[in-house]
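Here is a walk through one protein model, written to be read with the structure open beside it. Follow along and click on the residues as they come up.

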Amino acid sequence: MILIGRSKWVPPRQWTLWSLPRPALSYVLGVEAVAVTITALAVASTIFGAKAGVRPSEWIAFAVLATASILHLESARGIERRREMAANSSPYTNLKSLWVFAGLLLLPLSLVIALIAVSYGYSWIRVYGRTVAHRKVFSASTFILASAAATAVLRGGGLVTEPRVPTGPFSLIVVLGAAATWWLVNFALVIGAILMSSPDATARGALGDLSDQLVVVAGLGLGVAVGALQASYPWVVPILMVTVLALHRDLLLPQFQRAAGTDVKTGLATPAYWANAVPVELARAETLRSTVGLLMLDLDRFKEINDTYGHPAGDQALKAVGQSIRAEVRQGDLVARVGGDELAVLLPGASETELLEVAERIRDRLSTLTVSVDTAAEETAVLSGVPASIGAAVYPDVAKTMDQLVLAADNALLSAKRDGRNRIVAAQPNPPAVTDHADQPVD
C-alpha cells in the first residue's frame with residue numbers, strides 16, 4: 001500500500017528518464033512536446049474558438065468524471081501498484097481509459113486533457129508513488145495524443161458538438177472508430193517507448209498478453225456507456241459507477257493473479273506461486289502424456305556484486321537477469337525467483353533437446369549481459385556479464401513427481417557449479433535396478 005507520506009520526492013533532474021538511450025529520450029520528449037502543443041491549441045480553441053467558454057453542463061460532467069476517476073483509483077490502488085510492478089517490459093494497462101473516453105463524448109478536448117491531468121496527477125501522488133513521475137508524464141502524454149486523434153475521428157464523422165454519444169447505426173460506427181483509434185494510437189506510442197528504451201526487449205514481449213488489451217477495450221466500452229448515461233440520464237451514473245467498481249477485480253483477474261504472485265524486486269513469479277504452478281503443469285502433462293522441462297539457475301558469484309556495490313545494485317542486476325531470461329523463453333513459460341539469487345524456469349511440453357537449447361541461450365545471454373547499477377557511493381557502475389550455472393531436468397524422463405524433478409535439477413545445478421560454473425548440466429535418468437538372478441532361489 002503506497003501512502004502519500006511514504007512517497008519520496010525525486011527532483012526532475014534526478015529522474016531515471018535522463019539515463020535512457022539518446023533515441024529513446026528524444027522519442028519520449030518528442031511525444032511530450034506534441035502533447036504540450038495539443039494542450040495549448042485545445043485551451044486556445046476553448047477560449048477563442050467559435051464556441052468560446054465551457055457550458056455549465058460540461059463543468060458538471062467534468063466534475064462527475066473526475067470524482068469517479070479518483071474514487072476508482074483509490075478503491076483499486078493496491079492492485080494497480082502491484083500490476084504496474086509486474087508489467088516490466090510490456091505495456092501496463094488500466095481502466096483510466098473508461099473515464100477519459102467518456103469525457104471525449106461529453107467534453108471539449110481542453111477539459112478531457114484536464115481530466116487526464118487529474119487522473120494521472122492523483123496516480124502519481126497516491127497510487128504509484130512520486131518516484132515514477134516521469135513515467136506518469138509520458139503516459140499522460142500518450143493519452144492526450146490518443147484523445148486528440150479520437151476527437152478528430154469524431155469530428156470527421158460528423159459528431160462535432162458535445163455530447164457526441166451514438167444515437168443511430170452510423171454514429172455508433174463513428175464512436176467505435178474513435179475508440180479503436182484511441183486504443184491504437186496509445187498502444188503504438190507505448191510500444192515504441194518500450195522497444196527504444198529497452199534494447200533487450202523483444203517485439204513479442206513488448207506487445208504483452210491479449211488479456212491485457214482486453215482490459216483497455218472493456219474500459220473504452222464502459223466509457224461509451226457512461227457517456228451515454230451522463231448525457232441522457234445523469235442520475236443513473238452513480239449506479240453504474242458502483243457496478244464498475246464491483247467489476248474491477250473481475251476485469252483485472254488474470255493480471256491480478258499474476259501480480260499477486262509477482263516478486264516486487266524482479267517482476268518474476270514468487271516461490272509460492274511457482275510451487276503451486278509446478279504440480280498443476282505436471283498433472284496436465286500426465287493427462288496429455290507430455291513433458292515438462294525445468295531449469296534451476298544460480299548466479300555465479302552474485303554475492304560479490306552485493307558486497308562490492310551494495311544490495312540495491314544487486315537488486316538492479318537481478319531484475320536485469322530476470323528480464324533477460326524472460327526474453328529467451330517462450331510465451332507461457334514460467335520464470336520464478338525461488339531464492340536470493342536462485343531462479344527457476346518451467347517449460348511445459350519441452351523435450352530435453354528443447355530445454356537445453358533454451359538453457360544455452362540463457363547462459364550465453366547472461367554471460368554477455370551488461371547492466372548499469374547504482375552503487376552505495378551514489379555512482380554508476382557497469383557490470384559486464386552476470387553468468388549463471390544451470391541444472392536441467394525433464395518430467396517424466398528423470399522424475400515422476402515434483403520433488404523428484406526439483407531434486408534432479410538441483411543436483412544437476414550443483415554439478416554445474418562444481419565443474420567450473422557458467423555451464424549447463426542435464427540430469428540423467430536413474431538406471432533401473434539390476435537383479436542378479438544367479439543369487440535367486442530356484443523353484
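In which handedness of crossing does H1 pass H7? The crossing is left-handed. More on that pair shortly, once the overall picture is in place.

## The big picture

Keep in mind that this is a predicted model. The protein chain holds 16 helices and 7 strands. Of its 443 residues, 47% are buried. Among contacts with a separation of 6 or more, 75% are between residues 24 or more positions apart.

## H1 against H7

Two packed helices are described by the angle between their axes and the distance between the axes. For helix H1 (residues 22-48) and helix H7 (residues 169-197), the angle is about 155° and the axes are 8 Å apart. Angles over 145 degrees count as roughly antiparallel, so that is the label for H1 and H7.

Zoom in on who touches whom. H1 brings Pro23, Ala24, Tyr27 and Val31 to the contact, and H7 answers with Ala188, Leu189, Gly192, Ala193, Met196 and Ser197. Sorted by class, the contact of H1 with H7 has 8 nonpolar and 2 polar residues, and no charged ones.

## A serine tucked into H2

Is serine 69 buried or exposed? Serine 69 sits in helix H2 (residues 56-75). Its relative accessible area is 3%, and buried means under 20%, so serine 69 counts as buried. Setting aside neighbours within four places in sequence, serine 69 is in contact with Trp99 and Ser119.

## The five-stranded sheet

Further along the chain there is a sheet to look at. Five strands make up this open sheet, in the order S2-S3-S1-S6-S7, and the pairing is mixed. Strand S2 (334-337) and strand S7 (424-426) are at the edges; each has a single partner strand, so one side of each has no neighbour in the sheet. On average, neighbouring strands here are turned by 20° against each other, direction ignored.

Within this sheet, strand S1 (residues 292-299) and strand S6 (residues 388-395) pair in the antiparallel sense over 8 bridges. If you want a spot to find that pairing on screen, look for aspartate 298, which stands opposite serine 389 in S6. Helix H15 (residues 352-367) lies across S1, strand S3 (342-348), S6 and S7, and runs at about 165° to S6.

## A separate pair: S4 and S5

Strand S4 (residues 370-374) and strand S5 (residues 380-384) also deserve a look. S4 and S5 pair in the antiparallel sense over 5 bridges, with threonine 370 opposite serine 384 in S5.

Which side chains of S4 point to the buried face? Val371 and Val373 do, and both are buried. Thr370, Ser372 and Asp374 point to the other face and are not buried, giving S4 an alternating pattern.

## H13 against H14

Helix H13 (residues 302-309) and helix H14 (residues 311-328) form another packed pair, at an angle of about 140° with their axes 7 Å apart. With that angle, H13 and H14 are classed as oblique to each other.

On the H13 side, the contact involves Phe302, Ile305, Asn306 and Tyr309; on the H14 side, His311, Ala313, Gly314, Ala317 and Leu318. By class, the contact of H13 with H14 divides into 6 nonpolar, 3 polar and no charged residues.

## Backbone oddities

Most residues other than glycine have a negative phi, and most peptide bonds are trans. A few places in this model go the other way, and they are worth checking by eye.

One is the peptide bond between tyrosine 395 and proline 396, which is cis, with omega about 0°. Proline 396 is in the loop between S6 and helix H16 (402-418).

Two others are in the loop between H16 and S7, where arginine 421 and asparagine 422 are found. What is phi of arginine 421 near? It is near 70°, a positive value in a residue other than glycine. Asparagine 422 has a positive phi too, near 50°. As for exposure, arginine 421 counts as partly exposed at 29% relative accessibility, and asparagine 422 is partly exposed with a relative accessible area of 28%.

Technical notes
Residues numbered from 1 in each chain as written. Predicted model: local features only at pLDDT ≥ 70, side-chain atom pairs only at ≥ 80, totals over all residues. Heavy atoms only, no water. Helix = DSSP H or I, 4+ residues; strand = E, 2+ residues; numbered from the N terminus. Buried < 20%, exposed > 50% of the residue type's maximum accessible area, 1.4 Å probe, protein only. Contact = heavy atoms within 4.5 Å. Pairing = 2+ DSSP bridges. Axes fitted to C-alpha atoms, helices over the stretch in contact; angles between N-to-C directions. Parallel < 35°, antiparallel > 145°, perpendicular 65-115°, else oblique. Left-handed = near helix turned anticlockwise from the far one by under 90°. Nonpolar A, V, L, I, M, F, W, Y, C, P; charged D, E, K, R; others polar.
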